[in-house]
Amino acid sequence: MDVIKHMLKVFPLIVLRYAFFAGIAYLIFYIWKREKYTNHKIQAKYPDRKNIKREMIYSILSLAIFAGVGGGVYWLKMHGYTQVYKDFHAHSVGYFLFSVAAFILIHDTYFYWMHRFMHWDKIYKYVHRIHHLSTNPTPWAAFAFHPIEALIEVAILPIMVFLMPLHPIAIFIWVIYQTVLNVMGHLGFELFPSGFTTNAITRWHNTSVHHNMHHKYVRCNYGLYYNIWDRIMGTNHEQYDEQFEAVKQKAAVLNDYPQEATVATAPSEVSVSQ
Ligand SMILES: [Zn+2]
Ligand SMILES: [Zn+2]
């Protein structure tokens, strides 16, 4: 009974979390500041309402599955089957920080390989195809998965609570981190600066262009947070750096243009090198 109560309590909270992060991003980039950020748009076209509605419906369905798995994890915790610890001082602060980093890095690895598996022809056409119905994703696509994929995606949580001692705050940080990064990946706008994908340090972090290209070209750019596995396995799109810079150069050219002239001149009349 407690488990059902937990699921019913968790579900609206995770829907709110999704609505908050995807909603804020959508409001800023697609409505309020659409004009201002239009030069940072990765694909020129804006997705229609039908696409957004589908992304929302599948995302909410996924969140219901996440809540169900959350209820299952709660039951396991109540019966002492997990390594979740409530007393913060049971482990050191150093361990706490390590556990957050380990969670994120293990999830990044889990995601890459799970994602490659999802692209296996036999699985793809029945399951992962749903996520790829968005060829020009918006933040609402962050959790737009087939229910089976939603279950596999969230399986990392029960795996992690078995694997290592985790404080609920560490789990909470991961939840927020993955939501923000997922929204960023599906944002449709690139906010990182020119040179980000070639800099010795920042190139190891993924970008919105990276995941947008995954939606556009399908068989490349499988990584989640970091560009580690795609580099190791050679699965980055061969034009990743060029396409990232093309988006940034377009932004630079249009942003450098005097404000009055931009208003007076249609963007098509401004010479843009892409
Ligand atoms: Zn995919
Ligand atoms: Zn995606």
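Val 218 is placed in the loop that runs between helix 9 (208–217) and helix 10 (228–233). The model is a predicted one. Asn 221 also belongs to the loop between helix 9 and helix 10.

Each of these two loop residues has a positive phi without being a glycine: the angle is near 70 degrees for Val 218 and about 50 degrees for Asn 221. Their surroundings are described by counts of C-beta atoms, as listed in the table.

| Residue | Phi | C-beta atoms within 10 Å | Class |
|---|---|---|---|
| Val 218 | near 70 degrees | 14 | partly exposed |
| Asn 221 | about 50 degrees | 24 | buried |

Asn 221 counts as buried because 24 C-beta neighbours lie inside 10 Å, and the class of buried residues begins at 20. Val 218 has 14 other C-beta atoms within 10 Å and is therefore partly exposed.

A second topic is the packing of two helices. Two packed helices are described by the distance between their axes and the angle between those axes. For helix 3 (residues 49–78) and helix 6 (residues 147–154), the axes come within 9 Å and cross at roughly 45 degrees. The two helices are therefore oblique to each other, and helix 3 passes helix 6 in a right-handed crossing.

Which residues of helix 3 and helix 6 meet? From helix 3, the residues are Leu 61, Ser 62, Ile 65, Phe 66 and Val 69; from helix 6, they are Pro 147, Ala 150, Leu 151 and Val 154. The residues of this contact comprise eight nonpolar, one polar and no charged.

Key
Residues are numbered from 1 along each chain as its sequence is written. Chains are lettered from A and ligands numbered from 1 in the order in which they are written. This is a predicted model: local features need pLDDT of at least 70, side-chain atom pairs count only at pLDDT 80 or more; totals for chains, interfaces and linings use all residues. Helices (H or I, at least four residues) and strands (E, at least two) are DSSP runs, numbered from the N terminus. A residue is buried if 20 or more other C-beta atoms lie within 10 Å of its own, exposed if 12 or fewer, and partly exposed in between; C-beta atoms are placed from the backbone. Axes are lines fitted to C-alpha atoms, for helices over the stretch in contact, and angles run from 0 to 180 degrees between N-to-C directions. Angles under 35 degrees count as roughly parallel, over 145 as roughly antiparallel, 65 to 115 as roughly perpendicular and the rest as oblique. A crossing is left-handed if the near helix is turned anticlockwise from the far one by less than a right angle, and right-handed if clockwise. Two residues are in contact if their C-beta atoms, placed from the backbone, lie within 7 Å. Ala, Val, Leu, Ile, Met, Phe, Trp, Tyr, Cys and Pro count as nonpolar, Asp, Glu, Lys and Arg as charged, and the others, Gly among them, as polar.
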